[in-house]
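Here's a quick walk through one protein model, starting with its charged pairs and moving on to a helix and a loop. Have the sequence and the structure open as you read.

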Amino acid sequence: LEHADREMAVAHWLRAGGTLPKESQLQALIAFYLQISCAEVTVDGAARMAATLANAGCPVPAASPSAAAAARGHGAAASARVFDSQLVKEALALLRVAGLNEYSRDWSETVGLPAKAGHSGVILLIIPGVCGISVYSPKIVAAGISGRGLEFCKLLVAKFPVLRTFA
């Protein structure tokens, strides 16, 4: 927690505003947040996370034989809602304006879609009701996000401006 000043400041701000309960244990909360921020995931797994958010909290099966069974209603992954749709709606609103670290303000003006960037070079792009996309390139720019991923997202929206209507 020695280098988590920004995260602690946001947690205090959220608690002061009533978003987090007054009895929240902020150090434990931030420690947990930092642990899950370091989770290892494949690009396919990240795309499925983004797709789950795009699908209002219902997971999208992986493209595999076992996923085909899940899509037919067999197995635990058969489209059981994993996030409340209202929670997803609120999370997407937050990701639209704050998911790209220091680049968030420019992102909301240039791309305008909900997204989350990681310092590893991954960007989760969510087009609500349509799809989720995972972009990965480890070349990080000064804003702390993938430069190539950023360019891809800008080009995607420039090529298909209708995507901004889903924001």
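How many salt bridges does the count come to? The count comes to three salt bridges, keeping in mind that this is a predicted model. Here they are, with the N to O distance for each:

| Pair | N to O distance |
|---|---|
| Arg-6 and Glu-102 | 2.9 Å |
| Arg-105 and Glu-109 | 3.7 Å |
| Glu-151 and Lys-154 | 3.9 Å |

Take the salt bridge between Arg-6 and Glu-102. Arg-6 sits in helix 1 (residues 5-16) while Glu-102 belongs to the loop between helix 5 and helix 6 (104-110), so the pair ties together parts that are 96 residues apart in sequence. Arg-6 is exposed at 56% relative accessible area, whereas Glu-102, at 47%, is partly exposed.

The Arg-105 and Glu-109 pair stays inside helix 6, four residues apart, or about one turn of the helix. Both Arg-105 and Glu-109 are exposed. Glu-151 and Lys-154 are three residues apart in helix 7, which again makes about one helical turn. Here Glu-151 is partly exposed at 39% relative accessibility, and Lys-154 is partly exposed too, at 27%.

Now for the overall layout. The protein has seven helices and three strands, and along the sequence they run α-α-α-α-α-α-β-β-β-α. Out of 167 residues, 34% count as buried. Of the contacts between residues at least 6 apart in sequence, 44% join residues at least 24 apart. The exposed area is about 10300 Å², with carbon and sulfur atoms supplying 61% of it.

Helix 5 (residues 85-98) gets a closer look. Its 14 residues reach 20 Å from first C-alpha to last, close to the 20 Å expected. Val-88, Leu-92 and Leu-95 are its buried residues to know about. They cover an arc of only 65° around the axis, which puts them on the same side of helix 5. What covers the buried residues of helix 5 includes helix 3 (43-54), strand 1 (115-117) and strand 2 (122-127). On the face turned away from that buried side you'll find the exposed Lys-89, Leu-94 and Val-97. At the N-terminal end, Asp-84 acts as the cap, with a side-chain oxygen 3.0 Å from the backbone nitrogen of Gln-86.

Last stop: Lys-139, in the loop between strand 3 (131-136) and helix 7 (147-159). Lys-139 is exposed, at 53% relative accessible area. Leaving out residues up to four places away in sequence, Lys-139 touches Ile-145, Ser-146, Gly-147 and Arg-148. Lys-139 and Gly-149 are 10 residues apart in sequence and 8.9 Å apart in space, C-alpha to C-alpha.

How values were computed
Residues numbered from 1 in each chain as written. Predicted model: local features only at pLDDT ≥ 70, side-chain atom pairs only at ≥ 80, totals over all residues. Heavy atoms only, no water. Helix = DSSP H or I, 4+ residues; strand = E, 2+ residues; numbered from the N terminus. Expected span 1.5 Å × (residues − 1). Buried < 20%, exposed > 50% of the residue type's maximum accessible area, 1.4 Å probe, protein only. Arc of directions from axis to C-beta. Contact = heavy atoms within 4.5 Å. Polar contact = N/O pair within 3.5 Å; in protein donor to acceptor, adjacent residues only side chain to side chain. Areas by Shrake-Rupley, 256 points an atom, 1.4 Å probe, with all protein chains shown as cover. Salt bridge = Lys/Arg side-chain N within 4 Å of Asp/Glu carboxyl O.
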